[in-house]
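Thanks for sharing this one with me. Below are a few friendly notes on the cysteines and on one of the sheets, to read alongside the model.

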Amino acid sequence: MTKPIAPMIIRGKVITDNLIDVGGRGGDLVFQTPDAHKYIDQLPLGNPAKLADLYTLTFNDILDYCEALGERLEFDKNIYLQEACELSYLTAPVTPTMVKGSYMGLRNMLTRESVTEQVENSVGVKYLEGWVKQTLIDGTELDVRCFGARTLHIVAGNATGLSLLTILRNMVLRSDAIIKAPSNDPFTALAIARTMVEMAPDHPLTKHLSVAYWKGGDQAFEERLYQPQNLEKIVAWGGFNSMKHVTRYIQPGLELISLDPKRSASILGKGTFDSEETMREAAIRLASDIGALNQKACVCARVVYVQSGTDEAGLANLNKFGGYVYDAMQTLPNTLSTVPKRYDQGLKAEVDALRLDDEWYKVIGGQDGEGAVICSQLPESVSFATKLDDRTANLVPVDDLHEMMGAVDAYTQTVGVYPESIKEDLKDILPLYGAQRIVSLGYAAGLKWAGPQDSIEPLRRMGKWIVNQIASPEMTPAPWLRPSI
């Protein structure tokens, strides 16, 4: 059987020589890709002055390119995306319907309106187009501009759109990017890059993108590449171990922008139980936040704090609501959630053990690996809360919403809230404990790239903010004219 080939893209060139066998995550696919060691000297841009061709482009030129690329990312017409999608069925952590759905939505990220909104809400187009003047109170004039950088992107593979988001951010900043393709999504960035090469091989935006696969932790390779003379910034998504590994290379002149692993939660106020209608509405919203991408994303709810009360009547309401959530999870669109690809057997053992302890836990579902809802019968989360995955969530009853604040920390990314009215009591408190994003229940997976992410503004961080300071003794007090004492 012929093994699929994942070429290497280096600034407009498609490379298929010096192939070696590598394996995608999960062990379901062996593919071939060029040996990155053979191209270590070609991957870095080298002289940073080579970024200059990007500054012949206006922002409108970049938008034109984005629009043209978006048209070519129409799934039904793009053979590279179709091939990548088929191969990703074997490497992705989610099931085929979700993989295909994400590929079909890529082109929507590249509309003029969407790209402009992202840039204006973070960097500001004027700071990318030229020097922005301001005068300080002491008369000093400042010119400020955001420049691009030579950047390595270690992309996460749990969501297809992250590869395109990375490419898009690189383009609008006029940066040079090397993308290290992840083992659970080695084909998406490559398919987009190949589309760019076919569309405009000599365009500056095409020629400042490289995509390569190498095994993470290859110290001999990375010690040569991860150097300040090659790179100015590393943007890393990933788990704890990969983040710890990357930090060994950080030094003066090489900055790490860390989009590290997070956990998310939900808070449901007592208004959830106002009526049968509100219970049903909250259930489908919560099911969406649990089930999205089969709970593989940081944004997905895992532990859910429910203001049902902890008395007998409150626990009865909680258990009834848990049944509604479980039922709703089975009805989610198959582009959002399905029966998990591989239900974690260690997690299943933990869940099955709780079935024997019905005094303290009520387990709904999970016998067939389809996901489960665990209703605690006391105001404590399960001991394996950090391992919740594959559409398995834990509902925890509380009498007061503030009881759950101790469970929020720096690892907490998204907190889904229902009903909307209780946000007023929570939105100024949750961030103090570490929560980074507060969202209406049901919209956890609707992350808006125009806003901050993980308590930072990645697009701003990825650029280099340069100041030109203009002063003269006539308008600004001169240091050399200070009186002596």
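1. Let me begin with Cys66, which is buried at a relative accessible area of 0%. Please keep in mind throughout that this is a predicted model.

2. How many disulfides does a search of the whole structure find? The count is zero. Cys66 fits that result, being in no disulfide: the nearest cysteine sulfur belongs to Cys146 and lies 16 Å away.

3. Cys300 deserves a look as well. Its closest cysteine sulfur is the one in Cys298, and because the two sulfurs are 8.7 Å apart, they are too far from each other for a bond; the cut-off for a disulfide is 2.5 Å. Cys300 is buried too, with a relative accessible area of 1%.

4. Turning to the sheet, you will find seven strands in an open arrangement with mixed pairing, ordered β14-β15-β16-β13-β12-β17-β18. At the edges are β14 (361–365) and β18 (437–440), each of which pairs on one side only. From one strand to the next, the twist averages 20°.

5. Within this sheet, β13 (residues 301–306) and β16 (residues 392–397) run parallel and are joined by four bridges. If you want a residue pair to look at here, Val304 stands opposite Leu395 in β16.

6. Finally, do have a look at helix α10 (residues 276–291), which packs on the sheet. The strands touched by α10 are β12 (263–268), β13, β16, β17 (412–418) and β18. Relative to β17, the direction of α10 makes an angle of about 165°.

Terms used: Residues are numbered from 1 along each chain as its sequence is written. This is a predicted model: local features need pLDDT of at least 70, side-chain atom pairs count only at pLDDT 80 or more; totals for chains, interfaces and linings use all residues. Side-chain values use heavy atoms; hydrogens and water are left out. Buried means under 20% relative accessible area, exposed over 50%, partly exposed in between (1.4 Å probe, protein chains only). Two strands pair if DSSP finds at least two bridges between them. Helices (H or I, at least four residues) and strands (E, at least two) are DSSP runs, numbered from the N terminus. Axes are lines fitted to C-alpha atoms, for helices over the stretch in contact, and angles run from 0 to 180 degrees between N-to-C directions. Contact means heavy atoms within 4.5 Å.
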